[in-house]
Amino acid sequence: MKYLILLGDGMADLPHPKLGGKTPLDLANKPLIDRFATYGELGLCDTTPKGCEPGSDVNNMAILGYDAGNLYTGRSPLEAAAMGYELKDDDVAFRCNLVTLDGDGLDSVMKSYSAGSITTEEAREVIETVHEKLGGDQGRYGRFTFRPGIAYRHLMVWHGGRERHDLKPPHNIADRPVKEWFPVDESLRYLMLESRKFLKEHPVNRKRVAAGKLPANSVWFWGQGKRPRLPEITGQIGMSGAMISAVDLLRGIGKLAGMEVIRVPGSTGEIHTDWDAETLAAIEALKRHDFVFLHQEAPDEAGHQGNPEDKIRTIEYLDSKHLKPIVDFLDQNHPDYRVLILPDHPTPWATKDHIPDPVPYVLYRSGDARKGGVTPRKYTERDAAASGIFIPHGKELVPRMMAG
């Protein structure tokens, strides 16, 4: 038996008048996923653990079967694990976004949480400068390390730092003034304000502005926490597994869960990612493992960017570029398989942030399509709600997938 989780990050949404009262899932052309919804198990699942804010960290942990409410220590420690950074007991890890702020000081607006989709190569140069200027001992403010990650997503470690802060993810305050969410902590404020002084004239930013692109003119911290302790999921499910994702967060979860973490060249987490290379990596992983988790960040990015057209297109690519070739491989080589398709949370394009609403899921078992007399359904929020099936906890999905 082979098991595949295909997760379209943030692809669930809300009906909107500009889409004729429909959602991107309603409008996307996704014949294979809809076929699975017709013959398989279609329902809703509450993937956000009680007491947690909806996010790709706790929600994906829950989908993998973890009690995220008790095991979660923060987003950035998971990303640090993916980057191979060993946190010490007194280290506090922070996600360090490169962002574009429009305006001066605290009166600035969050113009872009991703610094205009800065490339990994450009971002590395910027973060190396940030570490040169702000890394090491900053006197009374503390001692810090900055490490480059992927695109706009990076790591800051505050050695011996304070863990408790009320920090807001920048993608949840897109196009809004940052004053209300600027850190209260003196050390974090210092780092962020200092970064603006030298990033404005950074060579990478001068080139980006000259090319009509947004500059990475500030750092932004959030998702802090200390080193986590996760039991290996591979032991819990009794089989080996692989994680494929463009983002360090999911790679970190996979690494701590004891899965093979597969890095795919050309995988960006956005609509222009190398879909074919990610699909090939999943097929190769299914030859070595029985359980593969293929995480696709692109729908979430389109939601945060307020772009319904790109969100619809990424959902269509999930069907045509990811699912169809993988299912063709399974049908020809491993006819006993199960596929679970879902998002971790909704990311409505109209509001550009995460919401905790239950998400539609479809669980397809090979052979389900041989059933007769089935009323056609689509993989949409509406049809999932109409099915009458509701799973109250995300951590129940993997056991449900593997039962029987």
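Colleague: Is Tyr 317 buried, partly exposed or exposed?

Modeller: Keep in mind that this is a predicted model. Buried would need under 20% relative accessible area, and exposed would need over 50%. Tyr 317 comes out at 23% relative accessibility, so the label is partly exposed.

Colleague: Okay, and how do the rings of Trp 275 and Tyr 317 pair up: stacked, tilted or edge-to-face?

Modeller: Trp 275 is buried, with a relative accessible area of 4%. The ring centres of Trp 275 and Tyr 317 sit 5.2 Å apart, with the planes at 75 degrees. Planes over 60 degrees apart get one particular label, so this pair is edge-to-face.

Colleague: Which residue lies over the face of Tyr 317?

Modeller: For a Lys, we check whether NZ is within 6 Å of the ring centre and within 35 degrees of the ring normal. Here the distance from the ring centre is 5.0 Å, and the residue is Lys 321.

Colleague: What about Phe 94 and Trp 158: how far apart are they along the chain?

Modeller: Their ring centres are 6.3 Å apart, with the planes at 35 degrees, so they make a tilted pair. Phe 94 belongs to strand S3 and Trp 158 to strand S7, so we're looking at distant parts of the chain, and the separation is 64 residues.

Colleague: Last one: which residue in S10 stands opposite Met 243?

Modeller: Met 243 points the same way from strand S9 as Gly 241, while Ala 242 and Ile 244 point the other way. S9 and S10 pair in the parallel sense over three bridges. Opposite Met 243 in S10 you'll find Val 261.

How values were computed: Residues numbered from 1 in each chain as written. Predicted model: local features only at pLDDT ≥ 70, side-chain atom pairs only at ≥ 80, totals over all residues. Heavy atoms only, no water. Buried < 20%, exposed > 50% of the residue type's maximum accessible area, 1.4 Å probe, protein only. Helix = DSSP H or I, 4+ residues; strand = E, 2+ residues; numbered from the N terminus. Pairing = 2+ DSSP bridges. Phe/Tyr/Trp six-rings, centres within 6.5 Å; stacked < 30°, edge-to-face > 60°.
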